[in-house]
Amino acid sequence: MSRLVRGMLCGLALLILPFVGLPGFARSSTSAPIQGVVVTVTIGIPGTMVIRDDKGGLHILKLTQQTQLGAQFKPGDKVVAFTSPYGVSAIQLQAGNP
């Protein structure tokens, strides 16, 4: 019985974690543009991109078919990401990026 309860609690924790997030470690997107360096990119739709801003914060962006991509991004690229309450609307290379 205790294994069943423990399993249910672990499952509940895994279910709630994406909604709560990890404060101070990874922040979700905001409505202000996010500027930073690409850390990782998961290719495909849907995909993800992780950006580290100038303060060291991580932003995990979910890419969908509606996301306008200004280039094929790779780790190390400096980018600007535009977000809305509905998700990531566009990602562009920052001016001066090689």
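A pocket, in the sense used here, is an open set of grid points with protein on both sides within 12 Å along at least five of seven lines, and a residue belongs to its lining if the residue has an atom within 4 Å of a point. With that in hand, the second largest pocket of this predicted model can be described by its lining, which consists of Val-41, Thr-42, Ile-43, Gly-44, Ile-45, Met-49, Leu-63, Leu-69, Ala-71, Gln-72 and Phe-73. The volume of this second largest pocket is about 190 Å³, and its lining divides by class into eight nonpolar and three polar residues, with no charged residues.

To place these residues, it helps to begin with the overall order of the elements. The protein contains one helix and seven strands, and from the N terminus on these elements follow the order α-β-β-β-β-β-β-β. Of the 98 residues in the protein, 24% are buried.

Strand β2, which covers residues 34–42, is a useful starting point for the pairing of the strands, since β2 pairs with β6 (residues 78–84) in the antiparallel sense over four bridges, and six bridges join β2 to β3 (residues 47–53), again with the two strands running antiparallel. On the side of β6, Gln-35 stands opposite Val-80, while Val-37 stands opposite Lys-78. On the side of β3, the bridge partner of Gly-36 is Asp-53. As general background for reading such registers, the side chains in a regular strand alternate between the two faces of the sheet.

Strands β2 and β3 form a hairpin with four residues between the strands, and within this hairpin Gly-44 takes a positive phi near 115 degrees. Gly-44 also appears in the lining of the second largest pocket, as do Ile-43 and Ile-45.

The pairing continues from β6 to β7, for six bridges join β6 to strand β7 (residues 87–93), and these two strands run antiparallel. The connection between β6 and β7 is a hairpin through two residues. Val-80, which stands opposite Gln-35 of the β2 pairing, has Gln-92 as its bridge partner in β7. Beyond β7, in the segment that follows this strand, lies Gln-94, which has a relative accessible area of 21% and therefore counts as partly exposed, given that buried requires a value under 20%. The C-alpha atom of Gln-94 is separated by 9.5 Å from that of Val-37, although the two residues are 57 residues apart along the chain.

The loop between β5 (68–69) and β6 deserves a closer look, and Lys-74 is found in this loop. Which residue meets the side chain of Lys-74 in a salt bridge? The partner is Asp-77, with a distance of 3.1 Å from N to O, and the count of salt bridges comes to one. The two partners fall into separate accessibility classes: Asp-77 counts as buried because its relative accessibility is 6%, whereas Lys-74 counts as partly exposed because its relative accessibility is 48%.

Pro-75 is found in the loop between β5 and β6 as well, and Pro-75 is exposed because its relative accessible area is 55%, the cut-off for exposed being over 50%. Both Lys-74 and Pro-75 can be related to residues that are distant in sequence. The C-alpha atoms of Lys-74 and Val-39 are 8.1 Å apart in space, with 35 residues of separation in sequence, and the C-alpha atoms of Pro-75 and Thr-40, likewise 35 residues apart along the chain, are separated by 5.5 Å.

A final local feature concerns His-59, whose place is in strand β4 (residues 58–63). Is His-59 buried or exposed? His-59 is buried, because its relative accessible area is 7%, under the cut-off of 20%. The side chain of His-59 is joined to the side chain of Asp-53 by a polar contact of 2.9 Å. Asp-53 thus takes part in two of the relations described here, since Asp-53 is also the bridge partner of Gly-36 in the pairing of β2 with β3, a pairing that comprises six bridges in the antiparallel sense.

Key:
Residues are numbered from 1 along each chain as its sequence is written. This is a predicted model: local features need pLDDT of at least 70, side-chain atom pairs count only at pLDDT 80 or more; totals for chains, interfaces and linings use all residues. Side-chain values use heavy atoms; hydrogens and water are left out. A salt bridge is a side-chain nitrogen of Lys or Arg within 4 Å of a carboxyl oxygen of Asp or Glu. Buried means under 20% relative accessible area, exposed over 50%, partly exposed in between (1.4 Å probe, protein chains only). On a 1 Å grid over the protein atoms alone, a cavity is a set of points where a 1.4 Å probe fits but cannot get out, and a pocket is an open set with protein on both sides within 12 Å along at least five of seven lines; lining residues have an atom within 4 Å of a point. Grid points are joined across faces, edges and corners, and a volume is the space filled by probe spheres set on the points. Ala, Val, Leu, Ile, Met, Phe, Trp, Tyr, Cys and Pro count as nonpolar, Asp, Glu, Lys and Arg as charged, and the others, Gly among them, as polar. A polar contact is a pair of N or O atoms within 3.5 Å; within protein, one must be able to donate a hydrogen and the other to accept it, and residues adjacent in sequence count only if both atoms are side-chain atoms.
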